[in-house]
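I opened a fresh notebook page for this protein. Come along while I look things up, one entry at a time.

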Amino acid sequence: LVLLRINRAATCVKWSPNETKFAVGCGAKLISVCYFEKEQNWWVSKHIKKPIQSTVLSIDWHHNNCLLVAGSADFKCRVYSGYVKEIEDKPAPTSWGKKMPFGNLMAEFSNGRGGWVHSASFSPNGEKVCWVGHDSSITVGDSTKDNQTIVVEGNHLPLLSVTFISDKFVVAAGHDCSPMLFEIGDNSITFKKRLDEAGPKKAASGVSAMDKFKNMD
């Protein structure tokens, strides 16, 4: 049992890579970072609040177990420090910054044309974040290029989920009911293909029930 200390519904949850803590997003405009306190023999939570203005819809962890990215319904994607000094060593500097006290805002991005940020994901090397919005956009932010962003506004229905499968490729899926593969270049996002398009229909073999009915006379 973990007391999240929130007064609105939880909307997303994600374990950290080392499984020493987990983060919960909710409708209370905050993120609960939960960890086991040995002295109290109990799970406790710390809150990240500012400057979130709406429901947190998605959370993902950096591979260093300290940074996390959150997408929310205030049209923002943010990178925070989730470093908990009580249970882990001080993290090494990253391309997102050197100082990482708990709750520190490392980066903030606005989404494309203003849609909710449904999902956000760190790249395996931790240098980029990718997110998808309700405006049918997919965006990548690069911490090694002063948080420069690349945006593609698609003609598909909104995407609801995105994840890196390598540092160069992401898979996203949403209301089109078909996962899509995108390639991340130095200054571009390129749609490659849909991953489960139906192949050509095979001709029916044998005699159909309709044919039998037609030939009854």
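Before anything else, I fixed one term: two residues are in contact when heavy atoms of theirs lie within 4.5 Å. I also noted that the model is predicted.

**Entry: S95**

I started with S95 and asked what it is in contact with, leaving aside its neighbours within four places in sequence. The list I got is G126, E127, S143 and T144. I found S95 itself in the loop between β7 and β8. One of its partners, G126, is 31 residues away along the chain, and the two C-alpha atoms are separated by 8.4 Å. Is S95 buried or exposed? Neither word fits, because its relative accessibility is 33%, and S95 therefore counts as partly exposed.

**Entry: the whole protein**

Next I stepped back for the overall picture. I counted one helix and 16 strands in the secondary structure. I then looked up the radius of gyration, which is 22 Å for the protein, while a compact globule of 217 residues would have one near 17 Å. Taken along the principal axes, the box filled by the C-alpha atoms is roughly 85 × 45 × 30 Å.

How much of the protein is buried? I noted 43% of the 217 residues. The exposed surface comes to about 12,000 Å², and 52% of it is supplied by carbon and sulfur atoms. I also looked at contacts between residues at least 6 apart in sequence: 44% of these join residues at least 24 apart.

For the charges, I wrote down 26 positive and 22 negative ones, with mean positions 4 Å apart.

**Entry: the largest nonpolar core**

Which residues have the most contacts inside the largest nonpolar core? I found A23, I31, V33, V56, I59, L68 and Y80 in that role, in a core of 15 residues. I then checked which strands feed this core: β3 (31-37), β4 (42-48), β5 (56-61) and β6 (67-72) each supply at least two of its residues.

I picked out I59 for a second look. Not counting residues up to four places away in sequence, I59 touches C12, K14, A23, V24, G25, I31, V69 and A70. Two names in that list, A23 and I31, are also among the residues with the most contacts inside the core.

**Entry: F75**

My next stop was F75, in the loop between β6 and β7 (76-81). Its relative accessible area is 37%, so I marked F75 as partly exposed. What does F75 meet beyond its neighbours within four places in sequence? I listed F109, S110, N111, G114, G115, W116 and V117. I looked up F109 in particular: F75 and F109 are 34 residues apart in sequence and 8.6 Å apart in space, C-alpha to C-alpha.

**Entry: G103 and K50**

I moved on to G103, which lies in the loop between β7 and β8 (105-110). Its relative accessibility is 23%, so G103 counts as partly exposed. Once residues up to four places away in sequence are left out, G103 touches I48, Y80 and S81. Y80 was familiar to me from the core entry, where it is one of the residues with the most contacts. G103 and K50 are 53 residues apart along the chain, and 8.2 Å separates their C-alpha atoms.

K50 led me to another detail. A cis peptide bond joins K50 and P51, with omega about -5 degrees. P51 has its place in the loop between β4 and β5.

**Entry: two positive phi values**

I kept a general reminder here: most residues other than glycine have a negative phi, and most peptide bonds are trans. With that in mind, I noted N65, whose phi is positive, near 75 degrees. N65 sits in the loop between β5 and β6. Is N65 buried or exposed? Its relative accessible area is 2%, so N65 is buried.

N147 also has a positive phi, near 60 degrees. I found N147 in the loop between β11 (137-142) and β12 (148-153). With a relative accessible area of 28%, N147 is partly exposed.

**Entry: Q40**

My last lookup was Q40, in the loop between β3 and β4. Its relative accessible area is 53%, so I wrote Q40 down as exposed. I then paired Q40 with V132: they are 92 residues apart in sequence and 40 Å apart in space, C-alpha to C-alpha.

Conventions:
Residues are numbered from 1 along each chain as its sequence is written. This is a predicted model: local features need pLDDT of at least 70, side-chain atom pairs count only at pLDDT 80 or more; totals for chains, interfaces and linings use all residues. Side-chain values use heavy atoms; hydrogens and water are left out. Helices (H or I, at least four residues) and strands (E, at least two) are DSSP runs, numbered from the N terminus. The radius of gyration is taken over C-alpha atoms; the globule rule is 2.2 Å times the number of residues to the power 0.38. Buried means under 20% relative accessible area, exposed over 50%, partly exposed in between (1.4 Å probe, protein chains only). Accessible areas come from the Shrake-Rupley method with a 1.4 Å probe; for residues, only the protein chains shown count as cover. Lys and Arg count as positive and Asp and Glu as negative; His and the chain ends are not counted. The place of a charge is taken as NZ of Lys, CZ of Arg, CG of Asp or CD of Glu. A nonpolar core is a set of buried Ala, Val, Leu, Ile, Met, Phe, Trp, Tyr and Cys residues joined through side-chain atoms within 4.5 Å.
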